[in-house]
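Visitor: I have a new structure to read. Could you take me through it, one question at a time?

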Amino acid sequence: MSEVTYPMVRQRPFDPPDEATELRQQAAMHRMTYGDGHRGWLVTRYSAARAILAHPHFSNRPDLVHPALPAQVERVKMQREGKMPAGVFLRMDPPDHTRYRKLLTGQFTVRRMKALESRIEEIANACLDDMAAAGGPVDLVQTFALPIPSLVICELLGVPYADRAQFQENSKLLINLETKAEESIAAIGRVMTYLYGLIRRKREEPADDLLSGLIEGGELDDEELTGVSFLLLLAGHETTANMLGLGTYALLTNPAQLAAMRDDPSVVDNGVEELLRYLTIIHVGPVRTALEDVEIEGNLIKAGESVAFHLPAANRDPSRFPDGDQLDVTRPAGGHLTFGHGIHQCLGQQLARAEMRIAYPALLRRFPGLRLAVTPEEVPMRSDMGIYGVHRLPVTW
Ligand code: HEM
């Protein structure tokens, strides 16, 4: 069995690192040295990844999970020292996780999602109007990929219009990778303070939004509500933004796929699924830790050992997605692991899908001549970040 060290280097912008592909060809799981020296595992095949993500004997608690990357060691130390805000249920196990998840699921109603869809259309069109008015070239990340998810989260949480510019400014700093550590800590503080204040205001004047709905339920205190809102903001913003940026880049370099997404509305739903699978922007982790000894596909994972998932490799596994290295917006791409699997499977996936189903065709139809304003090699990739994508995408039309 081969020994693996993280992180791995990509050779091409849309493909998993060749090393990950080779590992998947060799075996489902591999021993790997983590950022803090822990000897754990890396999973590269689809079936093993799915089995472990759905297995009840694996934990996502920060005091148990080891940091896969050296760069994550400091953050995990902070989490272990109890600096994790209340309400961040992604990092909880049942029954705590179950309690939050149930409360939140009750707020992601079909009615609320439908109402958000028409707002997403308006938001996307307003971004496109601004782009048209500015004239090319523009950075599509700043003009399109970032503002859409950011404004949609404002809608979901019920951030008032008057506060949006300031809210967006702070959350942009939070997720901007070029932000320095001190600046980002300060921005976290401002966002948390803002969210706490927003919750206090909503207690006085409830409206038809998710936060008011949670307040009305009466189960969570203000600190827990602040943590939940913060998780939604972080989980829902950077992910969708990177899908919009990287997805557009992938389409611009695959003209036949782009034309299908632009011209054939019947392709769009599946095309979004395929872009999610093909690009798998969650390229480091998730990570879980075994609570008991567990055997998976002939490998004994001992209690206390961490398991990291290489989702880009798993989503190209030929036993599940034949010819998976090709981008094909017409292939049945459902069942991919980009939203995770099991109890923590992405809570916001329907909202994320709605944003992409609306935003990609709107962009491609408004600017039929959309093209890169630099050579493909000049597009800066987010190889160093937990969520993959493009730092900038200069385009013109
Ligand atoms: C393309 C966009 C998105 C991707 C690829 C994505 C991916 C993921 C993944 C992989 C997980 C599971 C992590 C794990 O198992 O450790 C997750 C969880 C989560 N996501 Fe998303 N996400 C996206 C958009 C969103 C949006 C728009 C929201 C909210 C508005 C959201 C809210 C959440 C929350 C709250 C969780 C934690 C669920 C739990 O622990 O029960 N996500 N997401």
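Guide: One term first: a residue is near a molecule or strand if one of its heavy atoms lies within 4 Å of it. This is a predicted model, where local features need pLDDT of at least 70, side-chain atom pairs count only at pLDDT 80 or more, and totals for chains, interfaces and linings use all residues. Residues are numbered from 1 along each chain as its sequence is written, and side-chain values use heavy atoms, with hydrogens and water left out.

Visitor: Which residues come nearest to the ligand?
Guide: There are 27 residues around the ligand. Five of them come nearest. They are His-97, Arg-101, Arg-288, His-344 and Cys-346.

Visitor: Which protein residue is the donor of the iron atom of the ligand?
Guide: Donors are N, O and S atoms within 2.8 Å of the metal (3.2 Å for Na, K and Ca); water is not among the atoms, so sites may look incomplete. Here the protein gives only one donor, an SG atom at 2.3 Å. The residue is Cys-346.

Visitor: Where is Cys-346 found?
Guide: Helices (H or I, at least four residues) and strands (E, at least two) are DSSP runs, numbered from the N terminus. Two helices frame this residue. Cys-346 sits in the loop between helix 14 (311-314) and helix 15 (349-366).

Visitor: How many Å separate an oxygen atom of the ligand from an N or O atom in the side chain of Arg-288?
Guide: A polar contact is a pair of N or O atoms within 3.5 Å; within protein, one must be able to donate a hydrogen and the other to accept it, and residues adjacent in sequence count only if both atoms are side-chain atoms. The side chain of Arg-101 has an N or O atom 2.7 Å from a ligand oxygen. For the side chain of Arg-288, the distance is 2.6 Å.

Visitor: Which helix gives the most to the shell around the ligand?
Guide: Ala-235 has a backbone N or O atom 3.5 Å from a ligand nitrogen. Four elements give two or more residues to the shell: helix 4 (96-105), helix 7 (147-157), helix 11 (222-252) and helix 15. The top giver, with 6 residues, is helix 11.

Visitor: How many residues of the shell are nonpolar?
Guide: Ala, Val, Leu, Ile, Met, Phe, Trp, Tyr, Cys and Pro count as nonpolar, Asp, Glu, Lys and Arg as charged, and the others, Gly among them, as polar. The shell has 2 charged and 9 polar residues. The nonpolar ones number 16.

Visitor: Is Ser-319 buried or exposed?
Guide: Buried means under 20% relative accessible area, exposed over 50%, partly exposed in between (1.4 Å probe, protein chains only). Ser-319 lies in the loop between helix 14 and helix 15. Its side chain makes a polar contact with that of Asp-317, at 2.9 Å. Because its relative accessibility is 66%, Ser-319 is exposed.

Visitor: Which residue in strand 9 is the bridge partner of Arg-288?
Guide: Two strands pair if DSSP finds at least two bridges between them. Strand 6 (residues 287-290) and strand 9 are antiparallel, with 3 bridges. Strand 3 (residues 39-43) runs parallel to strand 9, also over 3 bridges. In strand 9, Arg-288 is partnered by Val-307.

Visitor: Which way do the residues of strand 9 point, and are they buried or exposed?
Guide: In strand 9 (residues 306-309), Ser-306 and Ala-308 point one way. Val-307 and Phe-309 point the other way. All of them are buried.

Visitor: Which strands are the edges of the open sheet?
Guide: That sheet has 3 strands in the order 5-11-10, paired antiparallel. An edge strand here pairs on one side only. The edges are strand 5 (138-139) and strand 10.

Visitor: Is Arg-382 buried or exposed?
Guide: Arg-382 is in the loop between strand 10 and strand 11. Its side chain makes a polar contact with the side chain of Asn-242, at 3.3 Å. The side chain of Arg-382 also reaches the backbone oxygen of Ile-387, at 2.9 Å. Because its relative accessibility is 5%, Arg-382 is buried.
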